[in-house]
Amino acid sequence: REERLRKEEEEQKRRKLQAAENKARIMEAFLKEKEKEVLQLQEEAKTFITPENLDARIEECLDNPRNYNFAIDKDGRIVKRTVLS
């Protein structure tokens, strides 16, 4: 009887340890994912328009005008484009 109780106790300890390991593994994966998201956001933040770089970005847009007024066919090719004024 004591042996059975001891085995059950060991099994319970083993399950608790395994659950803790699984929880730690899940938390580590979660942290890695969040770290990856933060790095991606930091990379995207380099292109944000801020009050400090606003004038430079406006000049860049004026120097390089783009025409978004065009038509495409079913295959995605440009069929007709208006003249940039």
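This passage describes the confidence of a predicted model and the salt bridges found in it.

Across the chain of this predicted model, the mean pLDDT is 92, and 99% of the residues reach 70 or more. Confidence varies between the elements of the chain, being highest in helix H1, which spans residues 2-45, at a mean of 95, and lowest in strand E2, which covers residues 78-81, at a mean of 84. Where pLDDT is low, predicted coordinates should not be read in detail.

Side chains of opposite charge can pair when their charged atoms come close. A search of the whole structure finds 12 salt bridges, several of which are described here. In helix H1, the side chains of Arg6 and Glu10 form one such pair, with a distance of 3.5 Å from N to O. These two residues are four positions apart in helix H1, so that about one helical turn separates Arg6 from Glu10. Arg6 counts as partly exposed because its relative accessibility, at 45%, lies between the limits of 20% and 50%, and Glu10, also with a relative accessibility of 45%, is likewise partly exposed.

A pair with a comparable arrangement in sequence is found in helix H2, which comprises residues 54-63 and in which Arg57 and Glu60 are three residues apart, so that about one helical turn lies between them. The closest N and O atoms of the salt bridge between Arg57 and Glu60 are 4.0 Å apart. Both residues are assigned to the partly exposed class, Arg57 with a relative accessible area of 26% and Glu60 with a relative accessibility of 44%.

A further salt bridge joins the side chains of Lys46 and Glu43, at a distance of 3.4 Å from N to O. Lys46 has a relative accessible area of 62% and is therefore classed as exposed, the cut-off for this class being over 50%. Besides the pairs described above, Glu11, Arg14 and Arg15 are linked with one another in a network of salt bridges.

Lys36, a residue of helix H1, is also exposed, with a relative accessible area of 58%. Between Lys36 and Pro51 there is a separation of 15 residues in sequence, while the distance in space from C-alpha to C-alpha amounts to 27 Å.

How values were computed: Residues numbered from 1 in each chain as written. Predicted model: local features only at pLDDT ≥ 70, side-chain atom pairs only at ≥ 80, totals over all residues. Heavy atoms only, no water. pLDDT = per-residue confidence, 0-100. Buried < 20%, exposed > 50% of the residue type's maximum accessible area, 1.4 Å probe, protein only.
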